[in-house]
Amino acid sequence: MVSGLFPLRVRGAETSRNGVHLVGPVDLDLDGQGLCVLLGPNGSGKTTLLRLLHGIARLRRGEIRWACDAKVARNAQAFVFQRPVMMRRSVLDNIAYPLVVRGTARRAARAEAVGWAERMGLGDLLACQAGVLSGGEQQKLALARALITRPEIVFLDEPTASLDGRATREIEAILHDVQAAGTHLILSTHDLGQARRLAAHVVFMLHGRVHEAGPADRFFGAPATAEAQAFLQGDIVE
Amino acid sequence: MIRVFGMVVALVWAGVAQAEIVRLAVTTSFQNSGLADVLVPQAEADLGMDVQLLVVGTGQALRLGRSGDVDAILVHARAAEQAFVAEGHGTHRREIMYNDFVLVGPADDPAGARAARTAVAALRLIAQAGADFVSRGDDSGTHMREQSLWDMAGGVPEGRWYKSVGAGMGAALNTASGLGGYILSDRASWLNFRNKGGLALLFAGDPMLFNQYAFLPVNAARHPHVNAGAVARLEAWLTSDAARVLIDGYRVGGAQVFTFNAGSGG
Amino acid sequence: MTDLWQGLVQAFWLVVTFDPELAEIALRSLRVTFTALAIACLIAFPLAAILAVRRFRFRRVVIAILNALMGLPPVVVGLVVYVLVSRSGPLGALGLLFTPKAMIIAQVIIIVPLIASIAHQSLRDIWAEYHDLLISMNVTQTQKVRTLMWDARRALLTAALAGFGRGIGEVGAIMIVGGNIDQVTRVLTTAIALETGKGDFALALALGFVLIGLAVSVNLMIHGLGQTEREGRW
C-alpha cells in the first residue's frame, strides 16, 4: 500500500535528558516496506528513538522528516507503550477514547470499539474496568485502542516484554494480521527470537546509535559488524 | 386597570413594609435573662417589622454602633453610653428599664461574702481570701460595673485567683460553676441560668449594684443606610405601656427581674 | 454521663417531631455549606487542574502556598472578612455583614485551599499515569483537563466531601461574620455555641448529635448515589 508518510528521512537526530546523552546522532531511511524492528540490548536507545520518531520525545538536534506535513503525519500514527496505559474506565471506553477525542459521537465511537474489542478477543470484557485485566489482555486493549483510529503507522515499544508465552504468541499473530492488512508497524525489542519471527527490516542499535540497518534476512544471515554477530550469537554486547 | 394596578402597588408596598428590618445590638445579659424572647416577638408583631438581634457584649455593641453595622443598641453602661452620644455616634440615650447585679459564689462561701455590708466590702473579703473570682473580661456593661467596684475596693486584682474569661454572661457563669468561684452577674441571667451546680446567690441589694438599661439609636446623619424612622418607632414602642406591661410582668422563678423606668425622654 | 444521655434523647425527639426551629437551623446550615461548597469547587477544581497539567514558572511556589493555606485558622479568616464587609470597611456598601452571604464567603475562603490541595494531588497522580498516552494522542488542553477530571472523579468527590466536612463544622468564622442572629444567620454550630453558653448542655448536645447525623448522612448519601463502593464501577 502506498503511504503518504514514507519515505522517512532521519538526519543527525540527537537527544539528551538532564545533560545525559541518550540517542544520536542517528541517520536512518525507512521506506515502510514490511515490518521494521528496532533491535538491540537494553539501554541501547530503542525506546528513545521510537519516541523521537513518534514525536513524543524532544529532538535536540537534527531532523526527522516524513514525506508529508508533520501534523498530518502525527495524526496518522499511534503508539503502544511497553507498560500499557490503562485509563480508569471500562475496556469499552478505553478503546473508544481516541475516537471521542477526535470528535466522534460517543455512541458511534463505542459501537466501533465493540468491533475492535471482539477482534482482539476482548468481547466478554467490555464492561470491566481496564485495570483488572491481565497483562496480555491489557496489551491487546492498547493495540485495539491504537488501531481504532486506523493509523498508517503503529509504533510498539517492546509490546510483549512483560507477557507470558501464550500472550506473546497471540499478540504476534495479531501484529501479523495487522501488517498484512496494510498498517505499517515499527516495533522495538531486545528479544532475538521475536525479531526473527516478525522482522522484514532490522535496525540494530547500540549505545544510542544505529549500528547496522538492512533487510532482515541479510542481517540475520550475514551481519556486517562484529557486534551484531556477537549479539546474534547470544553474547552480551556492550 | 387602575384598580388592578392599585392593588398590585398596595400588595408590593405591604410586602416592602413587611420586610422592614432593624438591626439591634443587645447585651448578652438581655438575651440570657430571657426577656428578649418575650419582648422582641411582641414588638415585631405590633410594629410589623423584623427586629434582628445581635447578641454581643456592651463593648462590641458600641463598636457596631460606631461602624454603622447596626441601627441601634441596647446596653447597660452609662458612662460608655454618654461618651457614645457625645462623640456623635448615637443621637441620644433613652432609659428603658433597670435590674440589679448580684454576687454569686460557692454555696459554702469560703470568703464570707454573705456577711458583707456593701458590695465593695464583699469584694475586699474575696480578695483577702484569694478565692477564685471569674470576671467577664469582655468590656461588657457587667464587666465595666465589676471593674469600677474593684477600683473602689482597692484596685483590679492581679492574682491567679482572678480569672478573666472574655466571654458572655452564660459562658462566664459556666466557668464559675465549673470552678466553684465567685462572679458578678445580673440577676435575670443568674435566675435563668441552667447549670448552677454548687453556686448560690450570696449578696444583693447594694445601690451600687443598680443596673440601668438604655436604648441608643445610631446616628443616621453619619450612617445614611440606617432606617431612622423604623428605629424611632421601635424606641417609641419600647417606652410604651405595652412594653411596660411585659417588662414589669416578666418573671423568672416567680421573681420580678426588671423594672420599667422609661420617662418621656433622656 | 446523664448530659450525654439526655442529649441523645432530646436529639431523637427533636428530629422525630420535626421541631420547626431545629429544621430551620439545620436547613440553613446545609444551605450555607452547600452553597459555599459549590462555589469553592468551581474555584478549586480548575485551579487544581491547571496546577497539575500546566508548567509555569511559579508553579511550585503556588502549590506550596496552597498547602500552607490549608492551615489558615478559620477564625482569622472570619475576622478579616468581617473587617472587609463591615459598613466602615472597604466593601461596606454591599451590606453583607451579618447575612448568610458573608458566612458563605468566609466558608469559601476556608475550604478552597483544602479542596484544591486534595484535588491537585489526585489529578497530579492521574496525569502522571496518562501523560504519555494523552500526549501521543495529541489531545487539546481542554480535552486533557476534562479527561483527567472525569477519570479522577472519585478523588474529586472525596475532596469535595472533605470541604463539606470542614464547612459544616465551622463555627468561629461564621459566628463572627454572621452574628448568630436568630432566624437569620443562626446555624447548627453557632446554636450549639449559644446553648452551651446558656448552660443548656442537653440542648447543645442534642444539636451536636443532629449535626453529626446530618454530616454522616450526607456522606453516606453521596457515596450511595455514586455507588462508589461497588466493585469494578469506580
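In chain A, Leu39(A) sits across from Thr189(A), a residue of strand S7(A). This is a predicted model, so let's start with that spot and work outwards. The two strands involved here are S3 (residues 36–39) and S7 (residues 184–189) of chain A, which run parallel to one another and are joined over four bridges.

That pairing belongs to a bigger picture: chain A has an open sheet built from six strands, ordered S5-S6-S7-S3-S8-S9, with mixed pairing. Strand S5 (77–80) and strand S9 (209–215) of chain A take the edges, each pairing on one side only. Going from one strand to its neighbour, the average turn is 15°, direction ignored. Helix H5 (residues 135–147) of chain A packs on this sheet, where it touches S5 and strand S6 (153–157) of chain A. The direction of helix H5 makes about 170° with that of S5(A).

As for how the chains meet, two pairs of chains are in contact, and chains B and C share the most contacts. Chains A and B don't touch at all, with 51 Å between their nearest C-alpha atoms. Chain A does meet chain C, through 15 residues from chain A and twelve residues from chain C. On the chain A side, helix H2 (70–75) and helix H3 (91–101) are the elements that give two or more residues. By class, that side comes out as nine nonpolar, three polar and three charged residues.

On confidence, the model scores ipTM 0.89 and pTM 0.81. Chain C has a mean pLDDT of 90, and 96% of its residues reach 70 or more.

Methods
Residues are numbered from 1 along each chain as its sequence is written. Chains are lettered from A and ligands numbered from 1 in the order in which they are written. This is a predicted model: local features need pLDDT of at least 70, side-chain atom pairs count only at pLDDT 80 or more; totals for chains, interfaces and linings use all residues. pLDDT is the predictor's confidence in each residue, from 0 to 100. Two residues are in contact if their C-beta atoms, placed from the backbone, lie within 7 Å. Ala, Val, Leu, Ile, Met, Phe, Trp, Tyr, Cys and Pro count as nonpolar, Asp, Glu, Lys and Arg as charged, and the others, Gly among them, as polar. Two strands pair if DSSP finds at least two bridges between them. Axes are lines fitted to C-alpha atoms, for helices over the stretch in contact, and angles run from 0 to 180 degrees between N-to-C directions.
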